[in-house]
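Got the viewer open? Here's a short tour: what to select next, and what you'll find there.

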Amino acid sequence: MIPVNQPFLGSPELNNVKECIKSGWISSKGRFISRFEEEFARFCGLKYGITTTSGTTALHLALVALDIGAGDEVIIPDFTMIASAYAVIYTGARPVFVDSEQKTWNMDISQVEGLITRRTKAIMPVHIYGHPVDMDPLRILAHRYGLHIIEDAAESHGAEYKGKRCGSLGDIGAFSFYANKIITTGEGGMIVTDNRKIAQKARRIKDLAHSTQKRFLHTELGYNYRMTNMQAAVGLAQLGRIHESIRKKREIASLYRRNLEQITGIRLPEEEKWAMSVYWMYAFLVEKEFGMGREDLRRELSGEGIETRDFFVPMHKQPVIRKMFPSVKNKKYPVAERISKEGLYLPTGLALRKKDILSVCSALKRIKENIS
Ligand SMILES: *Cc1c(COP(=O)(O)O)cnc(C)c1O
């Protein structure tokens, strides 16, 4: 089986973890935590990094640090991973969904202004599958209406928008280090920002919000979102190879593109002129002209020993969201709906070999030939 994703770890990770165990620094204090935070923030071009237990908790912490809560609204894409919506819901705020645009599958910026109300506090763009959102028009809107921007950069470590790294384009960037992300700590996350006040507040709140005057005295609600030194030890070693990992992702993408672009009926991902995508996952749409639906294609590929995944189920289709926010049932998100039915992604793991990619491509060509 060619797995859809496999993390790439080696002796730098192992040696760092060994040091934690030998030294006894296994909880959330220790030298790897602060180094990982500083170096990852610097990688993003920012001053402050605050580690968390996951990408989901990083998003939640970002929203709380910006005082977003009950009665507020946050604009997020309809087509995203459920954690983006959950984080908003945890704060008591309401997620307001925007449809996708055709080309990059990211939130359609042209529809955002029409969704802003008196209650809107923030916009949360998600750089889907490693391709940056068109941030300039969004930043103009945020400025005009006094809104915060929180980037969900869980899939886009190192991706660039007009030469600047994703995660550094709003008030706060949130990352995940789950095993299938571009760098991993097993489980884990981080928020990054240039704002010292926000950084201080986030750092306090993720550690139970101890009062600055007196330990064990608490004047605001805190959480335990502390990453362990062992996780940061893995993360720091992973950060040491991030340029290599991004190069590898882009190589995988260009090899797929070269071998698949002749096949009619599959719409390959495009990269905007202003974007440097990190192709977190190599995803495409199976259109009518292919002659076989997405589900059948996935079954055929699986028969050939190739693991794939289908696209996210849009937020307005999620039973949990329809139960909590029944009005989404009356709204239309045609692009998100279509791509979620037609989209799939291929093996894109960092441990993938060139011959695996080529055999995925020949399997796809074979399947296509057998249809007609
Ligand atoms: C992975 C992911 C998350 C959540 O990260 P976890 O570490 O799994 O909590 C959030 N948003 C997006 C877009 C993701 O892909």
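## Stop one: two cysteines

Select Cys20, which is buried because its relative accessible area is 1%, and buried means under 20%. Keep in mind as you click around that this is a predicted model. Next, pick Cys361: its relative accessible area is 1%, so Cys361 counts as buried too. While you're on cysteines, how many disulfides are there? The count comes to zero, taking a disulfide as a pair of cysteine sulfur atoms within 2.5 Å.

## Stop two: the ligand

Now centre on the ligand. Where does the ligand sit? You'll find it in the largest pocket.

Show the residues around the ligand as sticks. Going along the chain, start with Ser54, Gly55, Thr56, Met81, Ala83 and Val126, then add Asp152, Ala154, Glu155, Ser176, Lys181 and Gly188. Colour that shell by class and you get four nonpolar, five polar and three charged residues.

## Stop three: polar contacts

Three of those side chains deserve a distance label, so to speak. Try these:

- Asp152: an N or O atom in its side chain is 2.8 Å from a nitrogen atom of the ligand.
- Ser176: look for a polar side-chain atom 2.7 Å from an oxygen atom of the ligand.
- Lys181: here a polar side-chain atom lies 3.0 Å from an oxygen atom of the ligand.

To finish, switch on a surface. On its own the ligand exposes 380 Å², and the protein buries 93% of that.

Technical notes. Residues are numbered from 1 along each chain as its sequence is written. This is a predicted model: local features need pLDDT of at least 70, side-chain atom pairs count only at pLDDT 80 or more; totals for chains, interfaces and linings use all residues. Side-chain values use heavy atoms; hydrogens and water are left out. A residue is near a molecule or strand if one of its heavy atoms lies within 4 Å of it. A polar contact is a pair of N or O atoms within 3.5 Å; within protein, one must be able to donate a hydrogen and the other to accept it, and residues adjacent in sequence count only if both atoms are side-chain atoms. Accessible areas come from the Shrake-Rupley method with a 1.4 Å probe; for residues, only the protein chains shown count as cover. On a 1 Å grid over the protein atoms alone, a cavity is a set of points where a 1.4 Å probe fits but cannot get out, and a pocket is an open set with protein on both sides within 12 Å along at least five of seven lines; lining residues have an atom within 4 Å of a point. A molecule sits in a cavity or pocket if more than half of its atoms lie within 2 Å of its grid points. Ala, Val, Leu, Ile, Met, Phe, Trp, Tyr, Cys and Pro count as nonpolar, Asp, Glu, Lys and Arg as charged, and the others, Gly among them, as polar. Buried means under 20% relative accessible area, exposed over 50%, partly exposed in between (1.4 Å probe, protein chains only).
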